[in-house]
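Hi everyone, thanks for having me. Please bring up the sequence and the structure on your screens, and we'll walk through them together.

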Amino acid sequence: MAVGMPRGPWIRPGVCGGRRADPWTRSPPSPGAAALMLLLPVTMFHLLLVARSGPARLLGPPPYLPGLEELWSPWALLLCLTWLGLQAALYLLPARKVAEGQELKDKSRLRYPINGFQALMLTALLVGLGVSAGLPLSALPEILLPLAFAATLIAFIFSLLLYLKALVAPASALAPGGNSGNLIYDFFLGRELNPRICSFDFKYFCELRPGLIGWVLINLALLMQEAELRGSPSLAMWLVNGFQLLYVGDALWYEEAVLTTMDIIHDGFGFMLAFGDLAWVPFTYSLQAQFLLYHPQPLGWPLASFICLINAVGYYIFRGANSQKNTFRKNPSDPRVADLETISTATGRRLLVSGWWGMVRHPNYLGDLIMALAWSLPCGVFHLLPYFYLLYFTALLVHREDRDERQCLQKYGLAWREYCRRVPYRIVPYVY
Ligand code: NDP
């Protein structure tokens with residue numbers, strides 16, 4: 001199993017304690033959670049508006065404030081719901097494999113279908129058939145704003161239903177966080193760990209499918225519109241589409257790896273993940289392609305080749321590091337990792353201290369950040385806007401790395417300290 005997927009695209013708000021209480025207790029609202037619930041959708045709409053504006057200024061006011069008539073469209077809502085329905089139907093198709101998740105509090109393990117890549121392929125086939133039958137995919141960029149609004153609305157309503165569902169869930173089904181008794185905080189973070197109806201797992205479904213596949217579909221629609229406008233897609237647009245398709249394809253190919261992530265094992269399913277998966281990922285991660293549609297950038301082959309090289313280096317590190325750790329965690333005697341140097345810990349698990357994990361303590365984050373840079377470079381260097389993802393992602397991974405280090409210190413104690421002594425840098429060798 002190998003890890004590496006976009007997910008949990010959030011910086012967690014300040015923890016307000018792990019105490020459990022009556023969920024209807026009227027404790028004061030958590031300002032961090034409430035602010036993020038407002039700030040994140042506002043940021044997303046700001047980016048969508050600015051990307052299509054002439055100056056494309058990341059900092060500064062949006063070009064105008066859209067009225068409700070520009071945001072709300074029942075057709076956009078219907079389209080989003082159809083998309084979710086299609087992805088849910090693909091999720092329910094027979095899977096090439098059914099994997100078991102980590103052990104839960106009650107010692108049971110949940111089962112998950114591994115058919116995300118199949119869903120991507122079938123979606124591609126359906127979209128291809130649709131386009132050849134006259135489906136106007138290139139018109140999608142025109143309705144990104146109402147689509148994003150509909151996705152946000154769905155995320156809010158869905159989170160509310162998840163919250164209500166969690167009220168009747170047994171204590172053993174609740175997440176370690178998200179059960180503080182503070183209504184807003186718990187709504188944001190999510191109360192239940194693995195909300196399901198029968199075998200349909202909502203969090204697992206949302207983590208990698210509608211949003212990620214939706215992201216590459218939006219990218220494709222932007223590429224097609226550019227071809228209509230300018231005769232053919234630009235080289236820059238091809239690069240952005242290709243790089244991000246590789247990233248999404250990789251995440252779905254190695255789908256099983258999501259089962260050992262913090263998002264699945266640790267975090268409840270609430271607004272944070274629902275909005276992140278369903279709205280933030282497809283509408284903000286496609287920012288570079290949106291920017292390129294409205295601000296074409298000349299790009300020659302020499303520079304394009306150099307950017308491809310940067311992406312290839314990033315992907316090589318990202319995939320190598322994730323695969324190495326996952327091979328090791330699955331079977332430490334696997335010949336591919338058996339010769340690597342390790343540190344023993346009191347838990348019986350060992351820590352890699354050579355190979356990728358001997359270079360820095362999170363080499364997979366380094367690879368991810370290098371790829372993020374390669375996604376922005378085709379957009380030129382005269383606008384900050386296409387670099388939003390790189391900036392946001394750096395902040396996210398620095399925060400995530402810190403959170404993971406604290407958890408590892410708690411888990412492995414002195415062995416973790418020894419690891420930090422042997423591998424002093426966190427993400428970037430000799431820098432951080
Ligand atoms: P990691 O895959 O880095 O997992 C961290 C865990 O790995 C630790 O908790 C520890 O768990 C184990 N570990 C740490 N050091 C070692 C070592 N030396 N030897 C063996 N095991 C070790 O964390 P994430 O889940 O955060 O990231 C997975 C991927 O997803 C990354 O590539 C990341 O870049 C990407 N990602 C992408 C996002 C996006 O929005 N695009 C968002 C978040 C992540 P244990 O010991 O219990 O096994």
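Let's begin at the start of the chain. Over residues 1-28 the pLDDT stays under 50, and for that stretch the model has 107 contacts beyond four places in sequence. Keep in mind that what you see is a predicted model. Where pLDDT is low, the predicted coordinates should not be read in detail. For the protein chain as a whole, the average pLDDT is 90, and 93% of the residues score at least 70.

Now please find helix H9, residues 235-253. How far does H9 reach from its first C-alpha to its last? The answer is 26 Å for its 19 residues, close to the 27 Å expected at 1.5 Å a residue. Of those 19 residues, 14 are buried, so H9 is largely enclosed by the rest of the structure.

Just past H9 there is a salt bridge to look at. The side chains of Arg-209 and Glu-255 meet there, at 2.6 Å from N to O. Arg-209 sits in the loop between helix H7 (202-208) and helix H8 (210-230), while Glu-255 sits in the loop between H9 and helix H10 (262-265), so this pair ties together parts that are 46 residues apart in sequence. Are Arg-209 and Glu-255 buried or exposed? Both of them are buried. In total, the structure holds 16 salt bridges.

Let's move along to helix H15, residues 388-412, where we find Glu-401. Its relative accessibility is 0%, so Glu-401 counts as buried. Which residues does Glu-401 touch, leaving out those up to four places away in sequence? They are Arg-361, His-362, Tyr-365, Arg-426 and Ile-427. If you would like a sense of distance, pick out Leu-110 as well: its C-alpha and that of Glu-401 are separated by 27 Å, and the two residues are 291 apart along the chain.

One of the neighbors of Glu-401 is His-362. You'll find His-362 in the loop between strand E6 (350-352) and helix H14 (363-376). His-362 counts as buried too, because its relative accessibility is 4%. Leaving out residues up to four places away again, His-362 touches Trp-357, Glu-401, Asp-404, Arg-426 and Ile-427.

Stay with H15 and look at Asp-402. The side chains of Asp-402 and Arg-406 meet in a salt bridge, 3.3 Å from N to O. Both residues lie in helix H15, four residues apart, which is about one turn of the helix. Here is the general idea behind that: an α-helix has 3.6 residues a turn, so residues three or four places apart point the same way. Asp-402 is partly exposed at 30% relative accessibility, and Arg-406 is exposed at 51%.

Asp-402 has another partner. It forms a salt bridge with Arg-426, with the closest N and O atoms 3.6 Å apart. Asp-402 lies in helix H15 and Arg-426 in the segment after helix H16 (414-422), so this pair ties together parts that are 24 residues apart in sequence. Arg-426 is partly exposed, with a relative accessible area of 23%. Put the pieces together, and salt bridges that share partners join Glu-401, Asp-402, Arg-406 and Arg-426 into one network.

Next, let's go to the surface. A nonpolar patch there is formed by Leu-68, Trp-72, Leu-153, Phe-156, Ile-157, Leu-160, Leu-161 and Leu-164, with about 740 Å² of accessible area together. Which helix gives the largest share of the nonpolar patch? That is helix H5, residues 144-167, which supplies six residues. Trp-72, on the other hand, lies in the loop between helix H2 (68-71) and helix H3 (74-91). Trp-72 is partly exposed, at a relative accessible area of 38%.

I'll finish with two backbone details. Ala-56 is not a glycine, and its phi is positive, near 45°. Ala-56 lies in the loop between helix H1 (31-51) and H2, and at 2% relative accessibility it counts as buried. Tyr-430 also has a positive phi, about 65°, although it is not a glycine. Tyr-430 is found in the segment after H16, and with 71% relative accessibility it counts as exposed.

Thanks for listening, everyone!

Methods: Residues are numbered from 1 along each chain as its sequence is written. This is a predicted model: local features need pLDDT of at least 70, side-chain atom pairs count only at pLDDT 80 or more; totals for chains, interfaces and linings use all residues. Side-chain values use heavy atoms; hydrogens and water are left out. Patches are made of residues with over 30% relative accessible area and no salt bridge: like charges are joined within 9 Å, nonpolar side chains (Val, Leu, Ile, Met, Phe, Trp, Tyr) within 5 Å. Accessible areas come from the Shrake-Rupley method with a 1.4 Å probe; for residues, only the protein chains shown count as cover. A salt bridge is a side-chain nitrogen of Lys or Arg within 4 Å of a carboxyl oxygen of Asp or Glu. Buried means under 20% relative accessible area, exposed over 50%, partly exposed in between (1.4 Å probe, protein chains only). The expected span of a helix is 1.5 Å times one less than its number of residues. pLDDT is the predictor's confidence in each residue, from 0 to 100. Contact means heavy atoms within 4.5 Å.
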